[in-house]
Amino acid sequence: METIHLLKKKTITWCIFVSFVVQGYTQQPEATRRGWTMVGMENGTHEVLRNIDGSFGATNLPFTISLWLFDTESKQLSAPEHLQPDECVASLKKGYLPISIFSYPAGNFSVETHLFVNSHGDVNEDAVAYCRVIVQNNIPTQANAKLVLVLRPKLINGNAGAVSSVLFDKASMSVSVNDSLTMLFDEAPELFFGSSGDIASTLNEMIQSNKRNDSVSIETFRSEHNDASSAFVFPVSCSESRRRWQTTLQIPMSFKKSKEELTRLRRLNAEPEEADVARFWERRLRKDAVNISLPDEQTEHAYYASLAYLLICMDNGVLQRGPFTDENDGTFDYSQTYQALLQSGFHQIVIENLASLSFQSEKFIAQAATYYRFSRDKDFLRSVWKSILNIAGQHQTDSLFINELREAVFLARELGERDDAKRFKNAVKELENRIPSVDKTNGYDTAPNQTGINAILSSSVAADIMCSIRSSLLYEEKERLIIGSGIPKVWLQAGEKIQIENMPTHWGTFSYTILVGKDGKKISLKLTGDAEPPDGFILRLPFKENEIERATINRRETAVEDSGDIELETGTRSVSITLKKPLSK
């Protein structure tokens with residue numbers, strides 16, 4: 001299992017996943033709990049999940065695939081599930097792109113696989129999962145091995161899958177499972193065999209037997225108990241001059257049958273496809289959304305990997321909870337997901353999802369208010385106002401609904417609905433008088449989140465990660481913006497840089513850059529954007545007043561509060577802080 005670091009700054013806690021950033025865990029007992037990395041297409045119905053042992057499977061297929069290596073010299077079969085966790089390396093390309101890379105040692109060899117999904121048409125009908133397999137010979141001599149592809153009837157979450165038949169067609173180098181084309185090879189295996197139940201126990205014996213039947217063009221294994229396993233064995237040969245061997249598996253994400261479709265798939269080359277996927281997601285996550293650049297790459301990568309998770313979780317434009325979550329759980333709340341997407345600049349996704357609701361959810365008022373704060377879209381607000389009145393009217397005597405009623409007051413004022421604003425304000429006052437201890441702050445200000453996360457259980461947990469990281473950099477507090485409240489001192493050492501570009505806020509788009517001088521004492525802040533919070537900004541870096549020698553705003557000296565806070569008026573463009581002592585590495 002990859003390491004999880006929890007960084008804490010006052011009330012802020014966020015998590016960073018090392019390597020396995022986009023993960024999930026099934027709701028199983030601790031002893032059988034499994035994790036996965038998810039790859040797929042934005043808006044695609046099905047995803048591909050990679051387990052922590054390197055095996056993978058699509059959410060619409062009843063089996064998983066493992067890739068092992070058999071050393072012909074030592075007669076040893078190397079499988080990641082038999083290795084120590086620290087012997088295997090799992091990562092995402094560039095640390096956050098949905099291209100899963102998994103590698104492990106196998107005697108004198110190392111095996112690396114790249115797993116991703118791409119489409120040149122419809123994200124469902126034309127999507128193809130690719131697994132690039134790279135075997136590297138680590139000794140400078142001729143060496144031979146056998147790559148073993150194992151297909152087993154189980155899902156990535158550990159549940160059993162139903163596989164009644166596995167058919168291998170040598171002519172097309174294709175595999176059909178349950179009579180549906182499932183997989184294409186780019187070269188022919190030398191062996192194919194099947195077994196009922198777990199095939200792993202017989203693999204060594206079967207591989208060493210090296211029995212072939214070249215006269216048979218189609219081979220099939222069937223199981224009456226729907227537990228068919230199979231293995232495909234590929235010869236691997238590395239010379240002194242060519243120490244790397246590669247092959248590719250293609251898994252169509254929808255049913256394919258015609259020869260024309262197979263021919264089209266054959267023309268697709270995995271390496272250019274991987275580069276195409278990387279370019280798409282780099283643009284989608286960085287250019288279409290807010291751009292965050294941090295000294296701590298793990299935190300930066302956690303943000304973008306979580307955003308990719310949200311986008312891949314969408315099915316045809318509709319946000320989903322995540323693979324293997326309980327679809328019948330009526331308590332699932334998308335509020336945090338909406339907020340994370342709005343803070344990243346994906347307003348259109350949120351409005352389309354809000355517009356598709358029946359507007360009967362108790363949480364709808366808060367969700368609509370969050371969307372409005374970022375978009376100022378009064379046309380939408382007017383279109384759903386009757387639904388908001390209906391929901392608020394049903395709950396105006398419910399003390400658990402007090403924050404939603406406050407939001408109803410805010411929205412009524414924005415629309416100029418004075419009578420409704422007065423009615424809901426009186427309801428709030430009655431509830432506050434009835435329960436004096438009730439929180440009288442705005443329950444939907446995006447103040448720093450208390451978040452302790454062990455893995456991405458669902459889209460809401462991915463959103464928690466994004467919102468927590470964003471709150472450490474910038475958050476709204478009533479009518480002002482708080483800058484840098486969760487930035488740790490380690491990010492502000494000599495020569496470091498923090499840059500936030502095009503961050504949506506309640507009052508417009510905001511960007512800032514923090515530069516630390518080479519001496520480690522001078523910290524410069526530049527602010528740009530059209531955001532104009534009514535009460536200005538608060539710069540809240542991790543320094544007290546007694547640690548600061550001098551501070552200037554727009555080149556004019558300014559006061560620093562005992563807490564270290566520096567008040568900035570709207571229109572401030574530059575701040576300079578000189579510390580009494582530089583931060584040590």
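Select Tyr 475 in this predicted model; its bridge partner in strand E23 is Ile 482. Add Glu 476, whose bridge partner in E23 is Leu 481.

Now widen the selection to the two strands. Strand E22 covers residues 474–477 and strand E23 covers residues 480–483; 4 bridges pair them in the antiparallel sense. Between E22 and E23 lie 2 residues, which makes the pair a hairpin. Pick Lys 478 in that turn and check its backbone: phi is positive, about 55 degrees.

Next, show the whole sheet. It is open and has 4 strands, in the order E22-E23-E27-E30, with mixed pairing. Which strands stand at the edges? They are E22 and E30 (566–568); each has a single partner strand, so one side of each has no neighbour in the sheet. From one strand to the next, the twist averages 25 degrees.

Then select residues 459–473, which are helix H12. This helix packs on the sheet and touches E22 and E23. The direction of H12 makes about 80 degrees with that of E22.

Move to another hairpin, at residues 165–169 (strand E14) and residues 174–177 (strand E15). E14 and E15 run antiparallel and are joined by 4 bridges. For one pair to display, take Val 166 and its bridge partner in E15, Val 177. The hairpin has 4 residues between its strands, and Met 173 in the turn has a positive phi of about 50 degrees.

Finally, colour E14 by accessible area. Is this strand largely enclosed or largely open? Of its 5 residues, 4 are buried, so E14 is largely enclosed by the rest of the structure.

Definitions and conventions:
Residues are numbered from 1 along each chain as its sequence is written. This is a predicted model: local features need pLDDT of at least 70, side-chain atom pairs count only at pLDDT 80 or more; totals for chains, interfaces and linings use all residues. Side-chain values use heavy atoms; hydrogens and water are left out. Two strands pair if DSSP finds at least two bridges between them. Axes are lines fitted to C-alpha atoms, for helices over the stretch in contact, and angles run from 0 to 180 degrees between N-to-C directions. Contact means heavy atoms within 4.5 Å. Buried means under 20% relative accessible area, exposed over 50%, partly exposed in between (1.4 Å probe, protein chains only).
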